[in-house]
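Trainee: Hi! Could you walk me through this model before I head back to the bench?
Mentor: Sure, happy to. Let's put it up on the screen.
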Amino acid sequence: MASPTDTRLRTQAEITARVKALESMLIEKGIMTTAAIDRLAEIYENEVGPQLGAQVVARAWTDPEFKERLLADASAACTEMGIGGLQGEEMVVVENTDTVHNAIVCTLCSCYPWPVLGLPPNWYKAPAYRARIVREPRKVLAEDFGFPVPDDVEVRIWDSSSELRYWVLPQRPAGTEDLGAFELAALVTRDSMIGVGPVRTP
Amino acid sequence: MNGVFDLGSTESMGKVQTVENEPVFRAEWEKAAFAMFSNCFRAGFFGVDAFRHSIEKMDAAEYLLSNYYEHWVHVVEDRGAQKGVIDPAELEKRTQFFLENPDAPLPEREDPDLLAFVNAVVKSGAPANRPTDKVARFKVGDRVTILADSPHGHTRRARYIRGRTGEITAAHGGAIYPDSAGNDGPEAPEHLYTVRFTAEELWGPETAEPNNIVYFDVWEPYLTLAS
């Protein structure tokens, strides 16, 4: 049966055996443990993910002074909320407005702001997105993501070539004036913080 | 180096394949491959720049056809062999064993210090900014051109920005220089800047999409003042 990690080079069974072999050697050499694997998986499956970025966005929508701090120094502002760490040591938040739409990419590898978005989806790491979003962002957003950006809105692509980690502050949707930060956070999608999709509407 | 990993603007890459509700890890082996990065970083296999360069040196066709976490496994094999920790012949032998005995257990070992490291590093990270006494040669607002030559070894000077001119929009102070650290040299900090390029400058007015900007971070040695 086909598995999601089968490729034209190796089957899931082959990759699994290879990794297990390497793992067994690293365990014997005192470098790895299965408990460390389990803990790391638990962190990024259950603790660190886009729900954290959504909390930051919702606070920025409801607290203008926080938003100012977030746009000035995103890592420091996120630390106020207990959010930060690996692959987000120096984060930069870029703001969408009526005239500017932002999106992030890493054309050279797959850099991504883990502390607020978790680990990247596979499409973000695969060649198509990395190759095309810098060259034809309007086409990719419209055709591949079903998320067209009007011609009069400037599209800004942030290619994460250094250890700075960019991510997007989407616009607060209309009709949410009565919602609190908790309800607003539920509207914020991972894709809206990458810049390839909308926030939900209430 | 000029390699297939440097994907910006490459054509014939197909559509973006999004997957609804994709799990964080699609298989158990992806969890182990992911954990190898921080565990082997702690063991001195690589820094993040050397890690990336090991992936860049993969066979080009294999790079494009394999899974993302297979790239990470490649690094551990490559750097582990260089460090004398992973014997490639032994790895082949064990791979065969686990293919024939997929349910055979892994060795058991406990290491509370490693677990503490994992919890700490996720929270604290490993910052790459480095104070430097060097005087910055450029400032926000300067128009700069990216040097067009093709360095060997690791660099973050992507091909699509080489020879192109843009404006510095932010100056970030010193940061580890990947062109040194990624080639197993010292950290050798250099000033880091963000440069704003118009799509017309990058792709030419004939094919550039309208009203489109690309920002790219560069280290000072990549730059010269625009003439």
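Trainee: Which domains does the assignment give for chain B?
Mentor: The assignment for chain B lists domain 1 as residues 28–124 and domain 2 as residues 143–225. Keep in mind that this is a predicted model.

Trainee: Got it. How far apart are the centres of those two domains of chain B?
Mentor: The C-alpha centres of domain 1 and domain 2 of chain B are 30 Å apart.

Trainee: And how many residues are in contact between them?
Mentor: On the domain 1 side of chain B there are 6 residues, in contact with 7 residues of domain 2 of chain B. The domain 1 side of that contact divides into 1 nonpolar, 2 polar and 3 charged residues.

Trainee: What's the secondary structure of chain B?
Mentor: Chain B has 8 helices and 5 strands. Starting from the N terminus, the order of its elements is α-α-α-α-α-α-β-β-α-β-α-β-β. As for dimensions, a box of roughly 65 × 45 × 35 Å along the principal axes is filled by the C-alpha atoms of chain B.

Trainee: Okay, switching to chain A. What are its domains?
Mentor: Chain A is split into domain 1, residues 12–45, and domain 2, residues 49–194. The C-alpha centres of these two domains of chain A lie 31 Å apart.

Trainee: How many residues does each chain put into the contact between A and B?
Mentor: Chain A gives 78 residues and chain B gives 84 residues.

Trainee: Which element supplies the largest share on the chain A side?
Mentor: That's α1(A), with 17 residues. Other elements of chain A that each supply at least two residues include α2, α9 (137–144) and β3 (154–159). By type, the chain A side that touches chain B divides into 38 nonpolar, 17 polar and 23 charged residues.

Trainee: You mentioned α2. How do α2(A) and α6(B) cross?
Mentor: Helix α2 of chain A (residues 34–47) and helix α6 of chain B (residues 112–124) have axes that come within 9 Å and cross at roughly 25°. Angles under 35 degrees count as roughly parallel, so α2(A) is roughly parallel to α6(B). The crossing of these two helices is right-handed.

Trainee: Which residues make that contact?
Mentor: From α2(A) you have A:A35, A:A36, A:R39, A:L40 and A:I43, and from α6(B) there are B:L114, B:L115, B:V118 and B:V122. Sorted by type, the residues of the contact of α2(A) with α6(B) come to 8 nonpolar, no polar and 1 charged.

Trainee: Now the sheet. What order do the strands come in?
Mentor: The order is β2(A)-β3(A)-β4(B)-β3(B)-β2(B)-β1(B)-β5(B), an open sheet of 7 strands with mixed pairing. β2 of chain A (100–105) and β5 of chain B (223–225) stand at the edges with a single partner strand each, so one side of each has no neighbour in the sheet. On average, neighbouring strands of this sheet are turned by 35° against each other, direction ignored.

Trainee: How many bridges join β3(A) to β4(B)?
Mentor: There are 5 bridges joining β3(A) to β4(B), residues 212–219 of chain B, and the two strands run parallel. Have a look at A:W158, which stands opposite B:Y215 in β4(B).

Trainee: Do β3(B) and β4(B) pair parallel or antiparallel?
Mentor: Antiparallel: strand β3 of chain B (residues 190–198) pairs with β4(B) over 7 bridges. For a pair to find on screen, B:L192 has B:W219 of β4(B) as its bridge partner.

Methods:
Residues are numbered from 1 along each chain as its sequence is written. Chains are lettered from A and ligands numbered from 1 in the order in which they are written. This is a predicted model: local features need pLDDT of at least 70, side-chain atom pairs count only at pLDDT 80 or more; totals for chains, interfaces and linings use all residues. Axes are lines fitted to C-alpha atoms, for helices over the stretch in contact, and angles run from 0 to 180 degrees between N-to-C directions. Helices (H or I, at least four residues) and strands (E, at least two) are DSSP runs, numbered from the N terminus. Angles under 35 degrees count as roughly parallel, over 145 as roughly antiparallel, 65 to 115 as roughly perpendicular and the rest as oblique. A crossing is left-handed if the near helix is turned anticlockwise from the far one by less than a right angle, and right-handed if clockwise. Two residues are in contact if their C-beta atoms, placed from the backbone, lie within 7 Å. Ala, Val, Leu, Ile, Met, Phe, Trp, Tyr, Cys and Pro count as nonpolar, Asp, Glu, Lys and Arg as charged, and the others, Gly among them, as polar. Two strands pair if DSSP finds at least two bridges between them. Domain bounds come from an automatic or database domain assignment.
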